Amino acid sequence: MSGIETFLINIFFISVFLLLVPLLIERSPKLLSVTQKKTIVTVSAGLGIISCMVFPITILEGFFFDLRWIPAIVGGLYGGVPASIILIAITLAFRILIGGGGIYPTIIMGVVVLVFLIILTKTFNESSRKKKLIIGSCFSLVIGIVVLVVLNSLFYISISPSLILVYLILTPSTTLLVIYIIEVIHETIILNEKLIKAEKMEVVSHLASSISHEVRNPLAVVRGFLQMMEQMNVSDEKRAEFLKISIAEIDRANDIIRNYLTFAKPSLENIEIMDIREELEKVVNMISPLANMNCVELKGKIDQSYFIKGEPQLIQQCLLNITKNCLEAMPDGGTLSIKTSQVHKELRIEITDSGQGMTEEQLSRIGEPYFTTKGREGTGLGMMTAIQIIKMMKGRINVKSKLKKGTTFYIFLPLVDKEFSEVAAAINSSEQQFTRDHSYIT
Ligand code: ADP
Ligand code: MG
């Protein structure tokens, strides 16, 4: 293989292991801890070092030249002292495994690089982008010079133009380029996160200012009725009506505040493993009075236990917001069906109503803060909160709707490990034999 080809192969490995793998980790939807991320990045840089060594330029028998010091330097600088030690250990171990006279210069260089890494890594990580580029490329250049000096003075290897090219030009310039790309990727990701946060802050502050207004209205209504009941002689019939309206208004205020709080501070604080069947049963219990009032028949098949991880209060609120919307879409009766099933490794909750449905425009706006077609009755916060909760639980939601036919919500949530679920189900069913006497859903 010619020198250029090996060089390009080395560059390819460096791009994959130093740029692509860390980028994929940053962008992965799975939340990894800092230690996990660092471990993956270190292992990835280690693989980069080994790959570079597998494709060396053999100029002299027993001596191999390649770009191995780039992943070692870049990985060590970004990874800190533990990562530096691991990477240098990997370099030495693999080099000893290959054998040949070049083992000794590698051992000397390994120690030199490690000492530099230990001294520089902290300063490097606290520096600006420009300083990082300077530190990285100068470091690389110094290491290149030391390599040539060691080879020449200790091992009597003459410095050929190709050695100068590899160590004084290619190594520093590739290091510079790699650090530059890593920095740009990093900045873009941070910027993106900031943007999402800023957008959310905007919504939250908008919500906060409107919330006092939204809550004041129902309070004023309730106050008015109470005052009327106190001051005037109202008939029992009227009194009952006033109380009914007052309760509805208080519920409304409560809804607004609860949705707002979940949206503004949606931490999963009391995470536990729960059986979705139980949560659905509670939700159905809560909505059944409203369903009866609207002449809505509740149908469903939720007789199987599925275990998911999250906060029961939040998932209940999410399901409640969605099912309430379904009931509100069927003022003249209809059917609301709820089904659960397993699709691959996910739980699918299917909630279907036979209500008025949505137009395409409405469907595309669902979940937007304040989007409501219910006028004064609506808050436009229910779906936004529901979607936020599902996202927090690492799930997703699809909505299909046909005008005048009805709407179906498909909620997908990650299932907890099957083995665990089975144990939990067994415990659950033995407990439930005593407490459950009937199921309200057919
Ligand atoms: P609200 O219920 O206060 O209007 P939501 O955020 O809960 O606010 O819902 C927003 C809008 O989405 C509703 O006003 C309605 O137009 C539409 N929508 C939600 N669910 C349904 C459904 N099941 N059928 C028809 N339209 C729906
Ligand atoms: Mg709603």
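Let's start at Tyr260, which sits in helix α8, residues 236-264. Keep in mind throughout that this is a predicted model.

Is Tyr260 buried or exposed? It counts as buried, because 20 C-beta neighbours lie inside 10 Å and 20 is the cut-off. Now look across the sequence. Thr385 is 125 residues away from Tyr260 along the chain. In space, their C-alpha atoms are 8.0 Å apart.

A second residue, Arg95. Its place is in helix α4, residues 81-98. Arg95 has 23 C-beta neighbours inside 10 Å, so it counts as buried too. What does Arg95 touch, once neighbours within four places in sequence are set aside? Met53, Ile103 and Thr106. Take Thr106. From Arg95 it is eleven residues away in sequence and 7.4 Å away in space, C-alpha to C-alpha.

Now the whole protein. It has 13 helices and nine strands. Of its 442 residues, 31% count as buried. Take the contacts between residues at least 6 apart in sequence: 75% of them join residues at least 24 apart.

Confidence next. The mean pLDDT is 85, and 87% of the residues reach 70 or more. Over residues 432-442, though, the pLDDT is below 50. That stretch has seven contacts in the model beyond near neighbours in sequence.

On to three helices. First, α6, residues 129-155. Does the span of its 27 residues agree with or depart from 1.5 Å a residue? It agrees: 39 Å is expected, and the end C-alpha atoms are 38 Å apart. The buried residues in α6 are Lys132, Gly136, Ser137, Phe139, Ser140, Ile143, Gly144, Val147 and Leu151. Here the general geometry helps. An α-helix has 3.6 residues a turn, so residues three or four places apart point the same way. After α6 comes Tyr156, with a positive phi near 55°.

Next, α9, residues 276-293. Its 18 residues reach 26 Å from first C-alpha to last, close to the 26 Å expected. Where does α9 bend? At Ile287, by about 45°. A proline, Pro289, follows within four residues. Buried in α9 are Ile276, Arg277, Glu279, Leu280, Val283, Val284 and Ala291. What do they pack against? Five strands are on the list: β3 at 272-275, β4 at 296-301, β5 at 307-310, β6 at 334-343 and β7 at 346-353. Helix α10 is there as well. Just after α9, Cys295 takes a positive phi of about 55°.

That brings us to α10, residues 312-328. It has 17 residues, which should span 24 Å at 1.5 Å a residue, and its end C-alpha atoms are indeed 24 Å apart. How many of those 17 residues are buried? Twelve, so α10 is mostly covered. Among them are Leu314, Ile315, Gln317, Cys318, Asn321, Thr323 and Asn325.

Asn325 takes us to the ligand. Ligand 1 is surrounded by 23 residues. The closest are Asn325, Ala329, Thr372, Gly378 and Gly382. Which elements give two or more residues to this shell? They are α10 and α12, the latter at 382-392. By class, the shell has 13 polar, eight nonpolar and two charged residues.

To wrap up, α10 links two parts of this talk. The buried residues of α9 pack against it, and it gives two or more residues to the shell around ligand 1.

How values were computed. Residues are numbered from 1 along each chain as its sequence is written. Chains are lettered from A and ligands numbered from 1 in the order in which they are written. This is a predicted model: local features need pLDDT of at least 70, side-chain atom pairs count only at pLDDT 80 or more; totals for chains, interfaces and linings use all residues. A residue is near a molecule or strand if its C-beta atom, placed from the backbone, lies within 6 Å of it. Ala, Val, Leu, Ile, Met, Phe, Trp, Tyr, Cys and Pro count as nonpolar, Asp, Glu, Lys and Arg as charged, and the others, Gly among them, as polar. The expected span of a helix is 1.5 Å times one less than its number of residues. pLDDT is the predictor's confidence in each residue, from 0 to 100. The bend at a residue is the angle between axes fitted to the seven residues ending there and the seven starting there.
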